[in-house]
Amino acid sequence: MKRNVSLEEISDGRLYGWNDMVKADCHGCNGCHKCCTGMGNSVILDPYDAKRLTEGLGVGLQQLLAEGKLELQVVDGCILPNMKMTGPEEACAFLDADGRCGIQRYRPGICRLFPLGRYYADGDFRYFLQVGECAEKKPSKVKVEKWIDMAERGRHHDFLCNWHYLLNDVEEAVKGQEDSEFARKINMVLLQLFYFMTYEEDFYDDFSSRVDEFRETFLTWTGDRRENVRQGND
Ligand code: SF4
Ligand code: SF4
């Protein structure tokens, strides 16, 4: 989800790489669950998050949507799933009665990062520290790599870039026509291809093939559409 704020407003002004130390370690949260409540639709799942969660729980995405644990929202022109916040506290549906994450091992990347965020530029991204967001007043320094705790971090990094810039392209294509049949069609393919269809064992390879497939369909559709608009048929 894009935020229309400058990095200076929300961060300590620095960008971090894997080997940098950052003041993000909140000591196991110590009974706090502030960032699991009142987050609106901002805890979005990327395709890897959705795969890890559904495999970990042994439950499909459709079922999690039907049970009200996840919801679909339009974010920057794209329909994407996010953790649903419910109840008087507007708490994540996976927050347990003790105020702990009930899916610690399968929680989405956004939750793993917090209070770090990703700052995308020039086809890549780095991390930034969100100031004033975490309730821990005296966070300790931790190496970014340790905090992220991601297997195959290089491949995951490439996947995240690939996904981010693909969504950017979809957003651009549907801008100003979010309610059109074209936008609906593109979004249905996006959801089906990247969220609902089971992935092969090597997620990253399978994901890359799907990006190629999607871009082919997408380019054909956007090309056809431009032609239709030119001929006054749309
Ligand atoms: S998935 Fe876990 S860590 Fe993330 S918002 Fe929900 S309860 Fe909190
Ligand atoms: S606000 Fe900070 S301390 Fe509180 S649950 Fe979130 S990460 Fe942990």
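Start at Pro115, which sits in the loop between α4 (109-113) and β6. The peptide bond leading into Pro115 from Phe114 is cis, and its omega is near 5 degrees. Keep in mind that this is a predicted model. From here we can look at two hairpins, a pair of helices and the surroundings of two ligands.

**The hairpin after Pro115**

- Just past that loop, β6 takes up residues 116-121, and β7 takes up residues 124-129.
- These two strands run antiparallel to each other and pair over six bridges.
- If you want one spot to check, look at Gly117, which stands opposite Phe128 in β7.
- The hairpin has two residues between its strands, and Asp122 there takes a positive phi near 55 degrees.

**The hairpin of β2 and β3**

- β2 covers 70-75 and β3 covers 78-83, with Asp76 in the loop between them.
- Here, too, you'll find antiparallel pairing, with six bridges joining β2 and β3.
- Leu72 has Pro81 in β3 as its bridge partner.
- Two residues lie between the strands of this hairpin.
- Asp76 has a positive phi of about 50 degrees, although Asp76 is not a glycine.

**Helices α6 and α7**

- Helix α6 spans residues 153-174 and helix α7 spans residues 181-196.
- Their axes come within 10 Å of each other and cross at roughly 165 degrees.
- That angle is over 145 degrees, so α6 and α7 count as roughly antiparallel.
- The crossing of α6 past α7 is left-handed.
- On the α6 side, Val170, Ala173 and Val174 make the contact, and they meet Ala183, Ile186 and Leu190 in α7.
- By class, the contact of α6 with α7 is made of six nonpolar residues, with no polar and no charged ones.

**Around ligand 1**

- The residues surrounding ligand 1 include four cysteines you can pick out: Cys36, Cys92, Cys101 and Cys111.
- Val43, Met83, Phe94, Leu95, Ile103 and Arg107 are also part of that shell.
- Sorted by class, the shell has nine nonpolar residues, no polar ones and one charged residue.
- The charged residue is Arg107.

**Around ligand 2**

- Ligand 2 has cysteines around it as well, among them Cys26, Cys29, Cys32, Cys35 and Cys134.
- His33, Lys34, Ala135 and Glu136 belong to the shell too.
- Phe114 is also one of the residues around ligand 2, which brings us back to the cis peptide bond from Phe114 to Pro115.
- This shell divides into seven nonpolar, one polar and two charged residues.
- Lys34 and Glu136 are the charged pair, while His33 is the polar residue.

Notes
Residues numbered from 1 in each chain as written. Chains lettered and ligands numbered in written order. Predicted model: local features only at pLDDT ≥ 70, side-chain atom pairs only at ≥ 80, totals over all residues. Near = placed C-beta within 6 Å. Pairing = 2+ DSSP bridges. Helix = DSSP H or I, 4+ residues; strand = E, 2+ residues; numbered from the N terminus. Axes fitted to C-alpha atoms, helices over the stretch in contact; angles between N-to-C directions. Parallel < 35°, antiparallel > 145°, perpendicular 65-115°, else oblique. Left-handed = near helix turned anticlockwise from the far one by under 90°. Contact = placed C-beta atoms within 7 Å.
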